[in-house]
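Reader: I should like to learn how to read the main features of a protein model. Could you take me through them in turn?

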Amino acid sequence: IYGTYYNLITGVGTSAKMIGLGNIQGFDHSAAAIFENPASLYLVKGTSFSAFKTTFMESLEYTNLSLASYTPFGTVGLGIMQASSGDIPYTVKNANDEVEVFSYFDYQNVVAKLGYSLSFSDHLHVGSNLSYFFQRIHTVSGVGMNLDLGLVSEIDNFLVSLSLKNYMDFPKIKLS
């Protein structure tokens, strides 16, 4: 079976900092870490809120919001990213072979994450995210869930970030 990703909302970037670093993930000290490596949430000290918004091609609105808070039992994070566009023309050819607008539809792509990071020592941190996906294009929609795992380790003077995304699908994606 062959397949491809035609529209990865996460490809936009999780924060301006991450985009500025060349889309390198896993080292953010803010709540935006929820979208990168969940283990890196340990870098959040106190409470962090992150917001990122942009527009593509004058019609696709991208919004990214996240919140993370350190507790004595680990760091908890919550994030949502959304891309949406409205009033997209649905066109048809009429009897004269001319293209005309038949109706309009909306597009929405949402990823929400609930994450947790736990530090086993000053040098070893693990984390996991529960991810929820929703996408709607015209009359077709899909919903799915899965898990991410992450590990951050300090080895000598190096900070190593490893993440495994979408490693466990819950009941298969449901289309309607």
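Author: We shall go from the overall fold to the strands, the core, the surface and the salt bridges. Please keep in mind that this is a predicted model.

Reader: What is the secondary structure of the protein chain, read along the sequence?

Author: One begins with the order of the elements. Here the pattern is α-β-β-β-β-β-β-β-β, that is, one helix and eight strands. The chain has 176 residues, of which 34% count as buried. Among its contacts with a separation of 6 or more, 45% are between residues 24 or more positions apart. The chain exposes about 10,800 Å², and carbon and sulfur atoms supply 63% of that area.

Reader: How do strands β1 and β2 run, and how many bridges join them?

Author: To read a strand pair, one looks at its direction, its bridges and its turn. Strand β1 (residues 47-56) runs antiparallel to β2, and ten bridges join the two. Within this pair, phenylalanine 52 stands opposite asparagine 64 in β2. The two strands form a hairpin with three residues between them, and methionine 57 in the turn has a positive phi of about 50 degrees.

Reader: Is serine 50 buried or exposed?

Author: Serine 50 lies in strand β1. Its relative accessibility is 11%, so it counts as buried, the limit being under 20%. Leaving aside residues up to four places away in sequence, serine 50 touches Ser30, Ala31, Ala32, Asn64, Leu65 and Ser66.

Reader: Which residues have the most contacts inside the largest nonpolar core?

Author: In soluble globular proteins, nonpolar side chains tend to be buried together. In this model the largest nonpolar core has 13 residues, and those with the most contacts inside it are Ile34, Phe35, Leu41, Tyr62, Ala68, Met81 and Ala83. Strands β2 (60-71), β3 (74-93) and β4 (99-119) each supply at least two residues of this core.

Reader: Which residues make the nonpolar surface patch?

Author: The tendency to bury nonpolar side chains is general, and a model should also be inspected for exceptions. Here Phe73, Val76, Leu78, Leu114, Tyr116, Leu130, Tyr132, Val143 and Met145 make a nonpolar surface patch of about 800 Å². The elements that give two or more residues to the patch are β3, β4, β5 (124-137) and β6. Phenylalanine 73 lies in the loop between β2 and β3. This residue counts as exposed because its relative accessibility is 65%, and the limit is over 50%.

Reader: How many salt bridges does the count come to?

Author: The count comes to three salt bridges. For each, one may read the distance between the closest N and O atoms, and then the exposure of the partners.

In one pair, glutamate 61 and lysine 53 have their closest N and O atoms 3.5 Å apart. Glutamate 61 is partly exposed, with a relative accessible area of 29%, whereas lysine 53 is exposed, at 55%.

Another salt bridge is formed by lysine 93 and aspartate 97, with 3.8 Å between the closest N and O atoms. Both of these residues are exposed.

Reader: Where in the chain do aspartate 148 and lysine 113 lie?

Author: These two residues form a salt bridge as well, with the closest N and O atoms 2.6 Å apart. Aspartate 148 is in strand β6 (residues 140-155) and lysine 113 is in strand β4; the pair links distant parts of the chain, 35 residues apart. Both aspartate 148 and lysine 113 are buried.

Methods:
Residues numbered from 1 in each chain as written. Predicted model: local features only at pLDDT ≥ 70, side-chain atom pairs only at ≥ 80, totals over all residues. Heavy atoms only, no water. Core = buried A, V, L, I, M, F, W, Y, C linked by side-chain atoms within 4.5 Å. Buried < 20%, exposed > 50% of the residue type's maximum accessible area, 1.4 Å probe, protein only. Helix = DSSP H or I, 4+ residues; strand = E, 2+ residues; numbered from the N terminus. Salt bridge = Lys/Arg side-chain N within 4 Å of Asp/Glu carboxyl O. Pairing = 2+ DSSP bridges. Contact = heavy atoms within 4.5 Å. Patch = residues over 30% accessible without salt bridge, like charges linked within 9 Å, V, L, I, M, F, W, Y side chains within 5 Å. Areas by Shrake-Rupley, 256 points an atom, 1.4 Å probe, with all protein chains shown as cover.
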